[in-house]
Each structure stands twice: as C-alpha cells, then as structure tokens.
Amino acid sequence: MTGVADARLAKRSRHPASLRSGLPVTLRQLLRREYDLGPLRDVVVLRGGRWSAVYSATTSRGPVVVRVGPPRISAEAAAVQHALMRHLARSVAEIAAPLSTRDGRTFVRSGERVVALYPFRAGREARRASARTLVSAATALARIHSHALAHPLANRPGFGSMRDVSPTDDSSWPYVAAFDLLREPATAVRHLASSATLRSERQLRAIAAHHPEIVATAEETRSWLRATVNAATGLTSGWIHGDFYPPNVLTVREAVTAVLDWDECRAEWLVFELARAVWEFCRFERRPLLRPGAPAMFLDAYHAAGGPVANVELD
C-alpha cells in the first residue's frame, strides 16, 4: 500500500511468479465481477511481504490497493481481521477498512488465497531515525490499543496467543514441533529444506549441528515463559496489530498516515506489542541497540495519547 513499486519483490516473495509479475487477468476479471469499481487500470506491483502480493490500481471510484494474502490466512481468520479493521477505522484515521463487494463481503477467494481491496494511502516507509515519526507511531499505536479494547475479544483461527498458553500443557506452545525436529537433526534438515524456510543445505546443517545448545536455550525460554504466564494475571488483554514495525507504517512528512498489513492481528497482552514496538522504532537501523532516549520518548507519547498499558505492566 505504499506508492513506490519495488523490484525486489520477485526476489524475496514466496508466492507464484504469476503474482510477482503483475495482477493476473483471471484475478482482474474476478475483482471486476465482485466489486462495483469498473475495470482495474494502471496496475502497479507494490512492495509486499514475503507471503503476500500487493498492487495499486485506478478504478471508477478512485485509487485502490489489491492485497492477495498468504495461503495460511483462512476465510474465517480474514473475517475476524476485517471486522477488527472496520471497527478501528471508525475512530483511528490511520486504519483503512477493506472495501465491500457487491454483496457486502470484505474479501473474495482466489484459489487458496484471500483477496481484499483497500483505499489507497500515499506514503513512505517509516524511518527509525526520525523523532517525529517515533512520536507519531507511538500515538497511533496508543489509539489502536485504546479503541480496540471496545472490540470483543475472540480467538482468531490459526493465531495463538501467549495470554492463553497453559504452563502445564506444552502442546499449546506453537514451537514445540520445532523442538521435536531439532532432536533429530537429519529430519530437521529435510523438513526445513522442503518448507523453503532456508534453502542453503550448509545453513541447515550448521543449525542442526548446534542442536544441544538450541534445545537448552529453548528449554530455558519455555521455563521463563511459563513463569511469565503464571505471573501475568494483571496484564491488559486486547487486540493487537501483531506486526507493528516501520515497514508496515506509512508516513508523509514524517507523520503516520497508514498502518498496513494486519495479517498477524490477534487477541493478546497489549504490553507484548508495546515492548516490541519500542524495540522496532527505537533501535539503531543497523545495530541491535536502542537509541539513547528513544524508548522514553516512545512510551511518553504512547501514554500521552491514552495508551492503555500501565507503567506497572512494563516492570
């Protein structure tokens, strides 16, 4: 949904070549049938995620964005996502609600993928080095969290939540399967190679060679998370964006104009997203360190805008 075409899309995407090179004719025809927007013209491939394809187009009702979602997003998950976005769009200017089809739906299916149309929002990817962008992003996140509290909590199919994890039932942790794979390095290599997560066999075998350290670290992490779950009864739960970081935030003159890509939204502890947002917006661009003073500036702006996560939750 950014206005700049990105030639790197073809190199880093995980969707078919037919989507990387442009909007397929069959999909254009489907959208023309389902939406009262006339033909799609001036279609441009935009910078999208690894698993989704994004295009801008001109229609009889103005510019739109066509978003072809990842295969893992089911129709049920998309419906939950779009209901949340519609709720937020009524109060948060940075959220663009999905457009409706002729019969009132918010998406159509093209094979195994969910396809949705949105109003086009101009802007460029947020810059971490900008203090104004940092404050604007914190303000937008505060409003998202605050208004999302009025939307009923529900489980989103396919998206687990840390807040619902059972400390005594390891099967509820989504990464248990990965731990099991690591106990059999040869199996892990084959599994990861077939899933195209990493294509270099050398990388895969290097990871498998560190199996004991990875398992030990994983066990430590699970113990810490179980303790956190037990102690987290006072944390505020609500809907989160799930991937709130600079590439999913558009700005104009360093002020946030749009928050994109809600594929990872879910019901969760709000402090979980706030902590990650502080890291993503306050770190150096090329160094894994926080910029001095930036976290305090972000949190001050978040709370000044009515962000519902109390300071005590950050301790």
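These numbered points go through the predicted model from its overall make-up to single residues.

1. **Overall make-up.** The chain has eleven helices and ten strands. It holds 315 residues, and 44% of them count as buried. Take the contacts with a separation of 6 or more: 69% of them link residues 24 or more positions apart.

2. **Strands β1 and β2.** Strand β1 covers residues 41–46 and runs antiparallel to β2, with four bridges between them. Val-45 has Tyr-55 in β2 as its bridge partner. Strand β2 itself spans residues 53–59. Six of its seven residues are buried, leaving β2 mostly covered.

3. **From β2 to β3.** Strand β3 takes in residues 62–68 and is antiparallel to β2. Seven bridges hold this pairing. The connection is a hairpin through two residues. Tyr-55 appears here again: its bridge partner in β3 is Val-66. So which residues does Tyr-55 bridge to on its two partner strands? Val-45 is the partner in β1, and Val-66 is the partner in β3.

4. **From β3 to β5.** Strand β3 also pairs with β5, in the antiparallel sense, over five bridges. Val-64 stands opposite Pro-119 of β5. Strand β5 runs through residues 113–119. Six of its seven residues are buried, so β5 is largely enclosed by the rest of the structure. On burial, β2 has that count too: six of seven.

5. **The β4–β5 hairpin.** Strand β4, residues 108–110, joins β5 through three bridges and runs antiparallel to it. Arg-109 has Val-114 as its bridge partner in β5. Two residues lie between the strands of this hairpin. Gly-111 takes a positive phi there, near 65°. When viewing these strands, keep one general point in mind: in a regular strand, side chains alternate between the two faces of the sheet.

6. **Helices α4 and α5.** Helix α4 covers residues 75–89, and helix α5 covers residues 131–148. Their axes are 10 Å apart, and the packing angle is about 110°. The cut-off matters here: 65 to 115 degrees counts as roughly perpendicular. The two helices are therefore roughly perpendicular to each other. On the α4 side, the contact is made by Leu-84, His-87 and Leu-88. On the α5 side, Ile-144, His-147 and Ala-148 meet them. By class, the contact has four nonpolar residues, two polar and no charged.

7. **The open sheet β6-β8-β9.** Three strands make up this open sheet, and their pairing is antiparallel. The edge strands are β6 (124–125) and β9 (255–259), each pairing on one side only. Strand β8, residues 249–252, is joined to β6 by two bridges. Glu-125 stands opposite Leu-250 in β8. Helix α5 packs on this sheet and touches β8 and β9. The direction of α5 makes about 45° with that of β9. Helix α5 thus has two packing partners to inspect: α4 and this sheet.

8. **Arg-266.** Where is Arg-266 placed? It is in strand β10, residues 266–269. Is Arg-266 buried or exposed? Its relative accessible area is 18%. Buried means under 20%, so Arg-266 is buried. Its side chain reaches the backbone oxygen of Gly-160 at 2.9 Å. A polar contact of 3.0 Å also joins the side chains of Arg-266 and Glu-264. Leaving out residues up to four places away in sequence, Arg-266 touches Phe-159, Gly-160, Gly-238, Trp-239 and Ile-240. Gly-160 therefore deserves a look from both angles, as a contact residue and as the owner of the backbone oxygen that the Arg-266 side chain reaches.

9. **Arg-163.** Arg-163 lies in the loop between α5 and α6 (176–182). At 22% relative accessibility, Arg-163 counts as partly exposed. Buried would need a value under 20%. Arg-163 touches Leu-153, Ser-237, Ala-267, Glu-268 and Trp-269, again leaving out residues up to four places away in sequence. Ala-267, Glu-268 and Trp-269 fall within the residue range of β10. How far is Arg-163 from Asn-230 in space, C-alpha to C-alpha? The distance is 9.8 Å, while the two are 67 residues apart in sequence.

Notes
Residues numbered from 1 in each chain as written. Predicted model: local features only at pLDDT ≥ 70, side-chain atom pairs only at ≥ 80, totals over all residues. Heavy atoms only, no water. Buried < 20%, exposed > 50% of the residue type's maximum accessible area, 1.4 Å probe, protein only. Pairing = 2+ DSSP bridges. Axes fitted to C-alpha atoms, helices over the stretch in contact; angles between N-to-C directions. Parallel < 35°, antiparallel > 145°, perpendicular 65-115°, else oblique. Contact = heavy atoms within 4.5 Å. Nonpolar A, V, L, I, M, F, W, Y, C, P; charged D, E, K, R; others polar. Polar contact = N/O pair within 3.5 Å; in protein donor to acceptor, adjacent residues only side chain to side chain.
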